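Hi there,

Here is the structure I promised to pass on. Have a look at it first, and then read on for what I found.

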Amino acid sequence: MSDIGPPRGTGPLARTEARLAWGLLTPTILAVSLVVILPLLAVFWISVKPVSLADLRAPETVVREDLRGRPTVAGDEATLRYRLRNSSPTSEITGVTLTDTWPEGLTLAGDLDPRCEIAEGELFCDLGDWEGGYRETLNIPVVTEQAWFDAGRDVADDPVEVDGKASFVLANSDFTMKNFVSVFDGGEFWSVLGVTLFYTIFGTLGAMIMGLFAAMLLNHSFKGQGILRGLYLFPYVAPVIAVAFAWILLFDPFSGSANALFVQMGLTGQAINFFGEKPLALLMVTAFEIWRYFPLSFLFILARMQSIPTDMYEAADMDGASPFQQFWYLSLPQLLGILSVLFLLRFIWTFNKFDDIFLLTGGNAGTRVLTVNVYEQAFAVSNIGAGAAVAVVIFGCLLLFSVFFFKFMSKEEGL
Amino acid sequence: MKYLRFGYITGPLLGVLWSFVLAVTVAVAMSFATGEAFRPSITGALIFGIPTGLALVWRAQTVIASAVLAVVYFIALSLGIGPVLTGNVSLIARVVAALFMGIGIGWPLVVYLKDLPMGALTRHEFEAAVIKALRGFGYVFFTAIVVIPFYVMLMTSLKNQAELMQNPLDFSIDLSKGWGLFRSYVELITEFNFGTYMWTSFYISVLTVLITLLFAIPGAYAVARLRFRGQAAFSRSILLIYMVPMIVLALPIYIAFSMMGLRNSIVGIVMIYPVTTIPVALYMLQGYFRGLPSEVEEAGLMDGLSRLQVIWKITLPLSLPALASVSLYVFMIAWNEFLLAFMLLDDPSKFTLTRGIASLNSSEIPRQHLMAGSVIATVPIMALFLGLEKFMTKGLTAGSVKG
């Protein structure tokens, strides 16, 4: 007798559905893990490797073969020369061997290098280990025969084979904590972190407050509202590189219109270097961030505002609430949900922002944030390992934020 | 606050503040338009704003107020007094400035002050007037900050270096040059290959959109509709991946592409762009799919369609508007993308538009070329955006807080 009751576990229909779901998701999962997960793991790997930009090319053996002595008739003496070198200035190549077909019409005259031997028309040399930057010239004295001139060939015509085991720095088992030490070393890291936090917090808050104002402006129907809404989105929609250069030009210390305007209005006596002076540059990039992203906040807030039922305001009006009171006691509490979600998401995104500061100041004048530091370390100082270490720090911060975010999001519906 | 709530105080106060706001606006606008010396004055705003405010609380009539103020400001400008001071500017500039001041101060102030009595105000009346004034200020302020950078971009591209160095404020364009105004655009296209860059950017963006949709539609459908273990975790990890900063990924991608020889190739770019947009698109689409009534799909299943047929014949036609906004959004991201293009492309024949502009940023190339390049990159995306604004706004709010 079998139990009678509701079925347990997954039935065949549910299994088919799950299989289909995974089938539909597989391409995405594959693509994303190839370009997101794998690189992330790679960043962790690189961050503990002593690797610089120059190490990215695996060390190679370079060989050039030629015949010296200009033999003109049979019986002339000449030297068969192999110039050998390790292409990498730092990495070692082990167990280097050279193999080459012995050129027809040449005979050995004198001593062969002890590491080499000639057998069955083949030259074979065991050259041992080469440290970084190793160079050597191998000279083999030869006598030419008539056959050499008959063939009329050059020694470089047939390729030389050189084998060796290069240890590629990204693949070997050399690990170091130096990257992390150099990241945290000195006061630089903390000042970078401070700048990042300033930029992130004020950029996010500023964009949200501006967005709130813009949303309140446009939460009225009037002629031309659509046009204004479109116009106010321009900073966000335009390519960042275009608007960043427009800002740089506008605030140029020598030929910028903003400076000319300020001088003309008597606000300042001499030209101000907006993106080049220490505290001002940070304020400017934060202002740029606010300017560029207030449209996004305003769109979200406006969407939420338009869904607040108007009868609440009518009731408040009847009860004698003034416009400011209505805003403070009705609109704000209604908007609190979207505002907090927006704040968290924008906070993370501003923290991750790279292009804006990179284009405006390149991280100079006290505006270097963590993301720009990754680029600086990896490409300007060409220390890829240190760049990856900064990236790991960024990723750690991100994980911290997202734990907070998901805790919060489970309470907040929407988005 | 209580002491402000009298018509004879609120009126002049708003009068002064608004006069000053307008004075600054007109001074900036006139300076940018003509390059001549206009500047606002606080004392002028004080002297002219108080009587204006008082008069408008007493009797408010738009046309009369504007006309009277325009005449007053023309005289004031000519005499060199008032909220806007000028040096020696032409008559036309003075007339235009006075007209702007008259209408710009008269009309809005009448709207702000028209319902106010001379004596004590209720809190409601007072705050309504203040809010109207704030709103007026908001329109002026936001429009100014949005328009000025784009105006500078456009006008710089039409001028030449020497003119700009001489007077950085003079954006008036010399119409007599005719087509010569567009010299930097012509040079960009003929000498700097910008036509090719535009085409490259265009087809890379279109390919990105297509590939993104190809991956995101089935994925989003599975997350939104099908039940399987780990569904909740999956939709969360989409959001999480969406938050990984590009610069963190750019480093290993750069290394991997260098080693595989994919750097400096369009193929590499087309491989990498969609992956950055798939999570966004997936997130936006699954939100939309969830909102579709599942009964329609179930009816389709009952009538003998398979799941894939249901997606193709029912879900996709129903979600065309969402597909349009997702496509637009993805197109925008791909078109504007800078970091990856900058890191991965070195060969000028393969540049995208943004990479091309970055290459113009050198001291040897005149500024107007840089700005002309910026205009070339900005105009198509703006046109697309304004034309399809409804989809775009929807797409932006549908779940993308990405920047």
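As you turn it around, how many of the 28 residues of α1(B) are buried? Before the answer, please keep in mind that this is a predicted model. The count is 20 of the 28, so α1(B) is largely enclosed by the rest of the structure. This helix covers residues 7–34 of chain B. At 1.5 Å a residue its span should be 40 Å, and its end C-alpha atoms are 39 Å apart, which agrees. Just after α1(B) comes Gly35(B), with a positive phi near 80 degrees.

Now for chain A, starting with its strands. Four of them form an open sheet in the order β5-β6-β3-β8, with antiparallel pairing. At the edges are β5 (116–119) and β8 (161–166) of chain A, each pairing on one side only. From one strand to the next, the twist averages 15 degrees. Within this sheet, β3 (residues 93–101) and β6 (residues 122–130) of chain A run antiparallel and are joined by seven bridges. If you would like a pair to look up, Thr99(A) has Phe124(A) in β6(A) as its bridge partner.

Chain A also has helical stretches to look at. An unreviewed UniProt entry annotates several parts of chain A as "transmembrane region", among them residues 189–218 and 327–349. In the model, residues 189–218 of chain A are 100% helix and 0% strand, with end C-alpha atoms 42 Å apart. Residues 327–349 of chain A are likewise 100% helix and 0% strand, and their end C-alpha atoms lie 28 Å apart.

Enjoy exploring it!

Best wishes

Conventions:
Residues are numbered from 1 along each chain as its sequence is written. Chains are lettered from A and ligands numbered from 1 in the order in which they are written. This is a predicted model: local features need pLDDT of at least 70, side-chain atom pairs count only at pLDDT 80 or more; totals for chains, interfaces and linings use all residues. Helices (H or I, at least four residues) and strands (E, at least two) are DSSP runs, numbered from the N terminus. The expected span of a helix is 1.5 Å times one less than its number of residues. A residue is buried if 20 or more other C-beta atoms lie within 10 Å of its own, exposed if 12 or fewer, and partly exposed in between; C-beta atoms are placed from the backbone. Two strands pair if DSSP finds at least two bridges between them. Axes are lines fitted to C-alpha atoms, for helices over the stretch in contact, and angles run from 0 to 180 degrees between N-to-C directions. UniProt positions are given in the numbering used here, feature names are shortened, and annotations may be inferred rather than shown by experiment.
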